[in-house]
Amino acid sequence: MYTVPEGNTVKVGVLGATGTVGQRFIALLENHPYFVVHALGASARSAGKTYALATNWKQTTPIPSGVREIQVNPCVPEHFKECAVVFSGLDADVAGDIGMNHNCFSPSS
Ligand SMILES: NC(=O)c1ccc[n+]([C@@H]2O[C@H](COP(=O)([O-])OP(=O)(O)OC[C@H]3O[C@@H](n4cnc5c(N)ncnc54)[C@H](OP(=O)(O)O)[C@@H]3O)[C@@H](O)[C@H]2O)c1
């Protein structure tokens with residue numbers, strides 16, 4: 001079992017962050033005791049925009065303030081190299097092309 005040293009946090013990434021599943025991950029990660037959302041990925045349509053501009057937020061809670069201004073990047077490993085864990089809301093057809101070499105969790109994993 002991985003234990004987080006006291007006072008430390010774990011940087012995490014979310015793939016497909018602008019979609020329904022990605023938004024759910026982000027909402028669930030708000031105020032998490034260890035995990036801090038550090039990197040967000042989506043398609044080329046969203047890349048380069050801030051998260052608040054890129055996503056059509058549909059959750060019942062507001063967009064967490066800590067992610068609003070994070071820039072969305074393409075879902076390629078170089079943008080997630082500082083993340084210990086990556087949560088994926090990508091469709092399997094897309095995820096198969098990404099080649100992410102992380103501890104990666106998706107709803108189907
Ligand atoms: N929605 C649900 O309740 C639910 C529940 C369980 C499982 N699932 C499954 O989870 C997966 C995602 O569902 P969803 O409803 O979240 O879909 P969605 O709302 O359409 O979101 C798709 C996400 O993937 C990104 N994306 C699309 N093409 C991409 C590409 N080529 N490269 C990188 N990112 C890409 C989109 O970015 P842009 O915004 O930039 O296009 C968006 O962030 C699907 O396989 C779905 O079957 C969904």
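Around the ligand in this predicted model, the shell is an even mix of 8 nonpolar and 8 polar residues, with 2 charged ones on top. Here is that split as a table.

| Kind of residue | Count in the shell around the ligand |
|---|---|
| nonpolar | 8 residues |
| polar | 8 residues |
| charged | 2 residues |

So who gets nearest? Which of the 18 residues around the ligand come nearest? Look for G16, G19, A42, S43 and S46. Two elements, α1 (20-29) and α4 (92-95), each give two or more residues to the shell. Helix α1 makes the largest contribution, with 3 residues.

Now zoom out to the whole protein. You can count 4 helices and 5 strands in it. Start at the N terminus and walk along the chain, and you'll meet them in the order β-α-β-α-α-β-β-α-β. How compact is the protein? Its radius of gyration is 13 Å, close to the 13 Å that the globule rule gives for 109 residues, so the protein is as compact as a globular protein of that length. If you'd like a feel for its dimensions, the C-alpha trace spans about 40 × 30 × 25 Å along the principal axes.

What about the inside? Of the 109 residues, 30% are buried. The contacts tell you how the chain folds back on itself: take those with a separation of 6 or more, and 63% of them join residues 24 or more positions apart.

Notes. Residues numbered from 1 in each chain as written. Predicted model: local features only at pLDDT ≥ 70, side-chain atom pairs only at ≥ 80, totals over all residues. Near = placed C-beta within 6 Å. Nonpolar A, V, L, I, M, F, W, Y, C, P; charged D, E, K, R; others polar. Rg over C-alpha atoms; globule rule 2.2 N^0.38 Å. Buried ≥ 20, exposed ≤ 12 C-beta atoms within 10 Å, placed from the backbone. Contact = placed C-beta atoms within 7 Å.
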